[in-house]
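Trainee: I've got the model open on my screen and I'd like to walk through it with you. Can we take it one question at a time?

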Amino acid sequence: MDGTVIRNTGSHYIVEQNGSAGEISCKIKGNFRIKGIRTTNPVAVGDNVTVGEPGPDGTAYITAIEPRKNYIIRRASNLSKEAHIIAANIDQALLVITLIDPPTATTFIDRFLATAEAYAVPAIIAINKIDLLTGDDDMELLQAVSYLYRSIGYKVFAISAKTGEGLDGLRKYLAGKVTLFSGNSGVGKSSLINDLIPGLDLKTAEISAAHGTGMHTTTFSEMFHLPEGGSIIDTPGVRGFGTVDFERNEVAHYFPEIFEKSRECRFNNCTHTCEPGCAVLRAVEGSEIAASRYASYLSILDDAGEGKYREGHK
Ligand SMILES: Nc1nc2c(ncn2[C@@H]2O[C@H](COP(=O)(O)OP(=O)(O)OP(=O)(O)O)[C@@H](O)[C@H]2O)c(=O)[nH]1
Ligand SMILES: [Mg+2]
Ligand SMILES: [Zn+2]
């Protein structure tokens, strides 16, 4: 039978049969690796696959995987040379961030956005937990972060999974599409999905009082269908976002505002770090390009080709 991988529990893949709600638990057979990249999971949620008849012991195997429309990957873990495919065949990626409880680091946001650009997946940002923003300073921060990313061209939603504020706009944006939900642990991805899909009741958990970080409540990726049509893929919270396979001279391509400015640099192989006549450096000095974005650019430039991995904390 042909179907879509909707859950990956490590050893097993749950495949939903096309055109029905029927599910089958299966394993993989064969080698489905992406050319040139070692991956921890050869098959990902969102993959369209063929499952053979169960053998005598009752185990069914995925026998073929359709070529992917796209996929998004990150470095599997610190120092790892392996990549982890987060999801395949997606229309867009929603990055859920929070300004407090826990604060999302800008380097994490920018590394995610750059990865989405690299894999040509449109990215959206949802700033969650706005119910916790009370003082003037908080409001200013919300305005500043929203303005920054909107000015680069990203759609930004300010929402509260707790009160429901801002959810209608987001709901419309998700209808009919396959959207990957990503973000640090504890930012409210599962809470948000519970709001969007009544009756789902995914497990959520308080962030740790001791560390101020999430508890990694969601432990494997899973696809859910929206009542309006379309699907959401919930994923486990990640700490850092290690980029995979970026060439040094490509990094600027994945920062739209830096790329745009770079056309005015004197040298066309400018790395925007020290060169005379660099329009990017000038724009950073003049605050036309945000210092935080430029710092994120440098952090990716730093590990491009070296296989390093960065935690998302400052
Ligand atoms: N105040 C407030 N709390 C929220 C909001 N959204 C989620 N939370 C709380 O934040 C905590 C973490 O939420 P989860 O939905 O488990 O977060 P997650 O992103 O799925 O975390 P992982 O599964 O660990 O990646 C829970 O205690 C939620 O109740 C919100 O909009 N406002
Ligand atoms: Mg979760
Ligand atoms: Zn330059």
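Mentor: Sure, and one term before we start: two residues are in contact if their C-beta atoms, placed from the backbone, lie within 7 Å. Keep in mind, too, that this is a predicted model.

Trainee: Then with that cut-off, which residues does Ile127 touch, not counting residues up to four places away in sequence?
Mentor: Ile127 is one of the residues that touch the most other members of the largest nonpolar core, which has 75 residues. Leave out anything up to four places away in sequence, and its contacts are Ile97, Leu99, Leu142, Val145, Ser146, Val156, Ala158 and Ile159.

Trainee: Which helix gives the most to the largest nonpolar core?
Mentor: Start with the core itself: among its 75 residues, Ile72, Ala87, Leu95, Ile127 and Leu180 touch the most other members. As for the helix that gives the most to this core, it supplies six residues, and it is H1.

Trainee: Now Leu133. Is it buried, partly exposed or exposed?
Mentor: Leu133 sits in the loop between E9 and H2. Beyond its neighbours within four places in sequence, it is in contact with Leu99, Asp138, Met139 and Leu142. A residue needs 20 or more other C-beta atoms within 10 Å to be buried, and 12 or fewer to be exposed. Leu133 has 19, so it is partly exposed.

Trainee: How far apart in space are Leu133 and Leu99, C-alpha to C-alpha?
Mentor: Leu99 is among the contacts of Leu133. In sequence the two are 34 residues apart, and C-alpha to C-alpha the separation is 8.3 Å.

Trainee: Lys129 has a positive phi, I see. Is Lys129 buried or exposed?
Mentor: Lys129 is in the loop between E9 and H2, and its phi is near 65 degrees. Most residues other than glycine have a negative phi. Lys129 has 23 C-beta neighbours inside 10 Å, so it counts as buried.

Trainee: And Ser287, buried or exposed?
Mentor: Ser287 also has a positive phi, near 60 degrees. Its place is the loop between helix H6 (279-285) and helix H7 (291-303). With 8 C-beta neighbours inside 10 Å, Ser287 counts as exposed.

Trainee: Which residues does the cis peptide bond join?
Mentor: Look in the loop between E8 and H1, where you'll find Pro102. The omega of the bond is about -10 degrees, and the residues joined are Asp101 and Pro102.

Trainee: Over to the ligand. Which helix supplies the largest share of the shell around ligand 1?
Mentor: There are 26 residues around ligand 1, and Gly188, Ser190, Thr204, Thr218 and Gly237 come nearest. By type, the shell divides into seven nonpolar, 14 polar and five charged residues. The largest share, three residues, comes from helix H4 (residues 189-196).

Trainee: Why is H4 described as largely enclosed by the rest of the structure?
Mentor: The buried residues of H4 are Lys189, Ser190, Ser191, Leu192, Ile193 and Leu196. They pack against strand E8 (92-98), strand E9 (123-128), helix H3 (167-174), strand E11 (178-182), E12 and E13. H4 is largely enclosed because the buried count is six of its eight residues.

Trainee: In E13, what is the bridge partner of Phe224?
Mentor: Strand E12 (residues 222-225) pairs with strand E13 (residues 231-234) in the antiparallel sense, over four bridges. They form a hairpin with five residues between them, and Gly229 in the turn has a positive phi of about 95 degrees. The bridge partner of Phe224 is Ile232.

Trainee: Let's zoom out to the domains. Which helix gives the most to the side of domain 2 that touches domain 3?
Mentor: The assignment puts domain 2 at 71-234 and domain 3 at 248-303, and 26 Å separate their centres, taken over C-alpha atoms. Their contact takes 10 residues from domain 2 and 11 residues from domain 3. Helix H1 (106-118) and helix H2 (136-152) each supply at least two residues of the domain 2 side. The one that gives the most, with seven residues, is H1.

Trainee: Last one: how far is Glu247 from Ile300, C-alpha to C-alpha?
Mentor: Glu247 lies in the loop between E13 and helix H5 (256-262). With 9 C-beta neighbours inside 10 Å, it counts as exposed. Glu247 and Ile300 are 53 residues apart along the chain, and their C-alpha atoms are separated by 9.8 Å.

Methods:
Residues numbered from 1 in each chain as written. Chains lettered and ligands numbered in written order. Predicted model: local features only at pLDDT ≥ 70, side-chain atom pairs only at ≥ 80, totals over all residues. Pairing = 2+ DSSP bridges. Near = placed C-beta within 6 Å. Nonpolar A, V, L, I, M, F, W, Y, C, P; charged D, E, K, R; others polar. Domains from an automatic or database assignment. Core = buried A, V, L, I, M, F, W, Y, C linked by C-beta atoms within 7 Å.
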